[in-house]
Amino acid sequence: MLRKLLVELDIFVSHACIYGDKWISSKSCWGGQFVRIKRRAKQLLVPFLIWTFISVCINAGSGFWLSLFNKILYPSSGYWFLWVLWVETALVLLCSFLEERTKLRIEWVIGAGAVILTGLAVLTNTKVMALHLIALYFLFYSFGYLYRRHESLFKVFKSRKAIIILFLVWLSFASFWNMNKVPVFLSGIPFIPSSLINYMYRIITSTIGIMALLAAGEKYLNTSSVIINGTSTIGKISLGIYAFHMIIGPYINFFVGSHITQNCFLVITILLMR
């Protein structure tokens, strides 16, 4: 459970904050915007389709086309993170377009987009095209942008004491984390849909974790060293590694469980009998 949450937080931080920062200048050049979205399509959308196709080829059996259709229609059961991150790039472009055309402050455009997406996700409670994840991650793209734009407002969270408190609060919240179920202590609340409760709980938990990681990163990790540079290099390729491991992971688990574990047990048994 915590491993899955940490994976999601890695995606939130690396993309919400990095691309939230780029969002500031995204409306400066329309040509540059479409070049960026095409580049992100090559980085995310094309791999999503390719990896989904490969996964279905390996696991589908006789119902290949139906499985492929379901994997694309319901990406949350597969390579959802590639699809969702590409959609977020398109939403950034759309928000920049609306800001320019309506002359509204970008904060109002972002807020309206977040409310619309969240409302659709809660009211429909559907997983078609990973709408529930798109709505959730849009909030964190928005958070990344607002954090960069109004960074002075977050200085209070950058002290060592604040970082420790944020981390402890996040750890206590994360211990009840579940992607599909409401935490036990929040179940049974009348008049409020359980999907909305779970949605808000995930938002609050992830936001606290992100704030702790951002503050700790700027305070302790914003240096040049072998460890930091190595970690940064791993971070740049981690998305591809994560996509690849989803195919080979089950086979590694099977091999370890059926061969290495049994052989080790046999060797230990023989040594003990001597």
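## A look at I58 and its patch

Let's start with one residue. I58 has 40% relative accessibility, so it counts as partly exposed. You'll find I58 in helix 2. Keep in mind as you look around that this is a predicted model.

I58 also has company. Together with V46, I50, F53 and I54, I58 makes a nonpolar surface patch of about 390 Å².

## The overall build

Which kinds of secondary structure does the protein have? There are nine helices and zero strands. If you walk along the chain from the N terminus, the elements simply read α-α-α-α-α-α-α-α-α.

Now for how the chain comes together. Take the contacts between residues at least 6 apart in sequence: 78% of them join residues at least 24 apart. Of the 274 residues in the protein, 38% count as buried. As for the outside, the accessible surface comes to about 16,200 Å², and carbon and sulfur atoms account for 71% of that.

## Inside the core

How many residues does the largest nonpolar core have? The count is 52, and the residues with the most contacts inside this core are Y79, W83, V84, W86, L133, F138 and F143. Several helices chip in. Those giving two or more residues to the core are helix 2 (30-59), helix 4 (80-102), helix 5 (106-124), helix 6 (131-149), helix 7 (160-174), helix 8 (194-221) and helix 9 (226-273). Helix 2 is therefore on that list of core contributors by the list's own rule of two or more residues, and helix 2 is also where I58 sits.

W83 is a good residue to click on. Skip its neighbours within four places in sequence, and W83 is in contact with L45, F48, P75, M129, A130 and I134. One of those partners, A130, comes up again below.

## Two unusual spots in one loop

Here is some background on backbone angles. Most residues other than glycine have a negative phi. With that in mind, have a look at the loop between helix 5 and helix 6, which holds N125 and also A130.

N125 has a phi near 50°, a positive value in a residue that isn't glycine. A130 isn't a glycine either, and its phi is positive too, at about 55°.

Are these two residues buried or exposed? N125 has a relative accessible area of 57%, which is over the 50% cut-off, so N125 is exposed. A130 sits at 0% relative accessibility, under the 20% limit, so A130 counts as buried.

## One salt bridge

How many salt bridges does a search of the whole structure find? The search turns up one. The partners are R105 and E107, with their closest N and O atoms 3.4 Å apart.

The two ends have their own labels for exposure. R105 is at 49% relative accessibility, so R105 counts as partly exposed. E107 has a relative accessible area of 19%, which means that E107 is buried, since the cut-off is under 20%.

## Cysteines without a bridge

A disulfide is a covalent bond between the sulfur atoms of two cysteines. How many disulfides does the structure hold? The number is zero.

You can still check out two of the cysteines. C57 is at 44% relative accessibility, so C57 counts as partly exposed. C95, on the other hand, is at 6% and therefore counts as buried.

Conventions. Residues are numbered from 1 along each chain as its sequence is written. This is a predicted model: local features need pLDDT of at least 70, side-chain atom pairs count only at pLDDT 80 or more; totals for chains, interfaces and linings use all residues. Side-chain values use heavy atoms; hydrogens and water are left out. A disulfide is a pair of cysteine sulfur atoms within 2.5 Å. Buried means under 20% relative accessible area, exposed over 50%, partly exposed in between (1.4 Å probe, protein chains only). Helices (H or I, at least four residues) and strands (E, at least two) are DSSP runs, numbered from the N terminus. Contact means heavy atoms within 4.5 Å. Accessible areas come from the Shrake-Rupley method with a 1.4 Å probe; for residues, only the protein chains shown count as cover. A salt bridge is a side-chain nitrogen of Lys or Arg within 4 Å of a carboxyl oxygen of Asp or Glu. A nonpolar core is a set of buried Ala, Val, Leu, Ile, Met, Phe, Trp, Tyr and Cys residues joined through side-chain atoms within 4.5 Å. Patches are made of residues with over 30% relative accessible area and no salt bridge: like charges are joined within 9 Å, nonpolar side chains (Val, Leu, Ile, Met, Phe, Trp, Tyr) within 5 Å.
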